Amino acid sequence: MSHLVVVESPTKAKTIRRFLPKEYRVEASMGHVRDLPASASQIPKKYKGEAWTRLGVNVEEDFDPLYVVPPEKAKVVKELKAALKDADALYIATDEDREGESIGWHLLEVLKPKVPVHRMVFHEITEKAINEALEKTREMDTSLVEAQETRRVLDRLVGYTLSPLLWKKVAPKLSAGRVQSVAVRIIVNREKERIVFVPATYWNIDAKLQVPGGAFGAALTHVAGVRIAAGRDFDDETGRLKDNLKPGVDVLQLGEDRAKALVDELKDASWTVDSVVSKMSSRSPAAPFITSSLQQEASRKLRLSARETMRVAQRLYEQGFITYMRTDSTHLSSEAVKASRDAIKRMYGDAYLHDGQRNYSNKVRNAQEAHEAIRPAGTEMKTREALKLSGIEGKLYELIWKRTVASQMADARLKTVTVKVGAGSGDNACTFRASGRTIEFPGFMRAYVEGSDDPDAELEDRESALPAIAEGDNPDCRELDARGSETKPPARLTDASLIRFLEAEGIGRPSTYASIIDTIVNRGYVSRQGSQLVPSFTAFATTNLLESNFGSLVDVGFTAEMEQTLDDIAGGGREPVPYLKKFFLGDDGLEGKVEQGLDKIDARSISEIKMEPWQPYSIRVGRFGPYVEHEEDGDKLKASIPEDWSPGDVTADKIRQLLEDANEGDRVLGIHPEHDVPVILRRGPYGHYVQLGEEEEGSKSKPKRISVPKGMDTGAVELETGVALLGLPRKLGVHPETGEDIMANIGRYGPYVQHKRTFGSLTPADDVLAVELPRALELIAKKEAKNKPLRTVGDHPETGDPIELFEGRYGPYVKHAKVNASLPKGADPEEITVEQAVELLNARAARKKKKPAARRKKK
């Protein structure tokens, strides 16, 4: 007797094998085994020529999806079918959410088993959980499958219908998405707020006061009984006090002169403590992690992107270290609560235990997916050290462990003291305020304190105690400082803050947040500047088109309603086909709107980005990127927007300077002292460059040219700088280990230093004309470390050369010679074998060989 168990990944399969009897054979499907066609080449011959096949969904026949087995999954399917022949039962053990249910259903459709089928469901990979899942199998949940299929069909209809419109009206190769376009709009709107933001300047006074018990700081809050204006009192778009505030009555905006005059007035004044107010408060721990809160905290504390967080969490889950990581339930099982409470007693003592079990209610709209929070797996609550976890896996596990344990700990008790101190009289009567906080009992803070999206925010576990102060005391003023401040524009969104917004509005699902952010970054709608998500000019133009013509599709409320509909379908409360018909084919359906848009949308006007602070200029997005066009004194001036410009950093002055630079003539810097020919400063399509001599008519050789580094003021470039640039590359010295030359030069992607075949980019703070050997060696060492493989998979059976595993921009990949091959979605890099790597590399090499042939055929 043998049983076949199918899971998604080799790592999950390896872990489950430890807990099953020998008669159970566990195999991996490597994710989905079939999907909608990714290209025309995947459409079966019998359907080719049908108009609907472009979508992969037969909109004429109840939106029946056309599923195909992708070429890269053909071998997996063949192996699973062979394994099923020897089995007398099939167990589908894919993940317990909608995605996992869908993978399981597709497996049944492809394998067509003739033996009994059982659906195993578990949220952690432990011996107890697996055995319970074996005893309590169920049928496939068709409602979950339908909901996932409807989601997939909706995404395909939106993407494949709107994207061609974007290609024609904005720029080639763009894409639209049901949720991704909403996310882009949210990020674009935040950038618009930054563009129209007008800073306001206001002043305050800081005092350093001394009492017998010690010194403390205090800030001015009132002058003559009127509150001093702070940043929250100003309008972001005008830089003036908000309309509902009466200047001098409700609030006083201190200027520099008045602030400094008050400082002079108060230097000799007597200071008196008017009041001392103490207050006790308590803080309760945050709920255990759900997917979104884990992504947010990992972003804040570990600087991980949402995608990186999920990749690491997936590995931890599949190795049996944590429970299922795609969930929006904060519930903990009774076993988990007991394990947490035992750990608290053992590590912190009984005083740190909460009186009873803490239960947390879900705050996520339309909460669903798995039914327990993310926590350490099992019933022992083992620490990172006990499990011998290291690196980023260890750090993320520790974050999960601390959050879980803290959720069952006692409240923290805090004491805050607020002191008001008076000085001066009459119109110069000033009130200063000082506050302090002490932790009377740390409670859960011994284990965990939640992070903040505000980098300037003070963490709750920080103490700031005041010395002993009593009402009526007369402190000495040791220092007075008038301090000017300026309001800040709204902060750009990060992975953490975008996820929090999407979650609060009910847009997307925990399992989709990482892929949403990945998609908008990879498609060029958004770039990363540190942890910030910065929209491109293309994102502005695309949002213009969608807002003007398909407003509901990028409306937060409409998208949230769509998620609710999908949840209703998952619960069996709504049929998918009528909904799809109304959405796509109805009177106000997507198909008709796109057909109208092809005729009525003016590509030139829709791609124009107008912002009040940029006046009289505007920026357009064309087929070759963003540019500015402006008519001045009858002349039409035009300039491409530099790649390193982001919309929020553009000003009218920067645009004016860009136009002047782009349309200025060549400038002769002087005669080269060695070559006796002019050194000319010119501007090309990619920026300024210096050229040695003029081009000679009829000559096949071109004069030497070299780019002017970005950030260098071209107006200040003189002959000496031009000669130095033309003298590149320059030798900085030799490498202390290899004896090879270290060179500095400027290439296609900017200034760099070079050691053999390693190129290290210079930072904006480095000067290619002045960088020295020690700095070059530092940059080269960093680049060489970055280029090192994660591990060597093994030697290639044919060449004997190593196959190496790397972490790339779009995920892990294997490399052999000059061929790189990405790992399939769901594959664990640590489990890739030589045989699997060779198969991936051969498939990649075959695809590369086919492309030139296809191009020749077209000719």
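Biologist: In which sense do β26 and strand β27 pair, and over how many bridges?

Modeller: This is a predicted model, and the pairing is read from its backbone. As a general idea, strands of a sheet pair through backbone hydrogen bonds, in either a parallel or an antiparallel way. Here β26 and β27 (residues 758–761) are antiparallel and share four bridges. Val-753 has Gly-760 in β27 as its bridge partner.

Biologist: What do β26 and β27 form, and how many residues lie between them?

Modeller: They make a hairpin with two residues between the strands. One residue in the turn, Lys-756, has a positive phi of about 50°.

Biologist: What does β26 do with strand β25?

Modeller: β25 (residues 741–747) and β26 (residues 750–755) run antiparallel and are joined by six bridges. Met-743 stands opposite Gln-754 in β26. These two strands also form a hairpin, again with two residues between them.

Biologist: In what order do the strands of the open sheet of four strands come?

Modeller: The order is β16-β17-β18-β19, with antiparallel pairing. β16 (608–609) and β19 (635–640) are the edge strands, each pairing on one side only. Between β16 and β17 (residues 619–622) there are two bridges, and Glu-608 faces Arg-620 of β17.

Biologist: Which residues does a cis peptide bond join in this model?

Modeller: As background, most peptide bonds are trans, and most residues other than glycine have a negative phi. One cis bond joins Gln-615 and Pro-616, with omega about 10°. Pro-616 sits in the loop between β16 and β17. Another cis bond links Leu-728 to Pro-729, with omega about 0°; Pro-729 is in the loop between α21 (719–726) and β24 (730–734).

Biologist: Which residues other than glycine have a positive phi near 55° or 50°?

Modeller: Met-30 has phi near 55°, and Ala-224 has phi near 50°. Met-30 is in the loop between β2 (24–28) and β3 (57–58). Ala-224 is in the loop between β8 (214–223) and β9 (226–227).

Biologist: Is Met-30 buried or exposed?

Modeller: Buried means under 20% relative accessible area. Met-30 has 12%, so Met-30 is buried. Ala-224 counts as partly exposed because its relative accessibility is 41%.

Biologist: Why does Thr-126 count as buried?

Modeller: Thr-126 counts as buried because its relative accessibility is 14%. Thr-126 lies in the loop between β6 (117–119) and α4 (127–135). Leaving aside residues up to four places away in sequence, Thr-126 touches Phe-19, Ala-377 and Gly-378.

Biologist: Which residues of the largest nonpolar core touch the most other members?

Modeller: In general, nonpolar side chains of soluble globular proteins tend to be buried together. In this model the largest nonpolar core has 134 residues, and Phe-122 and Leu-162 touch the most other members. Not counting residues up to four places away in sequence, Leu-162 touches Ala-176, Leu-546, Phe-550, Leu-553, Leu-590 and Val-594. There is a second, separate core of 32 residues, with Leu-90, Val-814, Ala-837 and Leu-841 among them.

Biologist: How many helices and strands does the protein have, and what percentage of its residues count as buried?

Modeller: The protein has 23 helices and 31 strands, and 48% of its 859 residues count as buried. Among contacts between residues at least 6 apart in sequence, 67% join residues at least 24 apart. The exposed area is about 43,500 Å², with 46% of it supplied by carbon and sulfur atoms.

Notes:
Residues are numbered from 1 along each chain as its sequence is written. This is a predicted model: local features need pLDDT of at least 70, side-chain atom pairs count only at pLDDT 80 or more; totals for chains, interfaces and linings use all residues. Side-chain values use heavy atoms; hydrogens and water are left out. A nonpolar core is a set of buried Ala, Val, Leu, Ile, Met, Phe, Trp, Tyr and Cys residues joined through side-chain atoms within 4.5 Å. Buried means under 20% relative accessible area, exposed over 50%, partly exposed in between (1.4 Å probe, protein chains only). Contact means heavy atoms within 4.5 Å. Accessible areas come from the Shrake-Rupley method with a 1.4 Å probe; for residues, only the protein chains shown count as cover. Two strands pair if DSSP finds at least two bridges between them.
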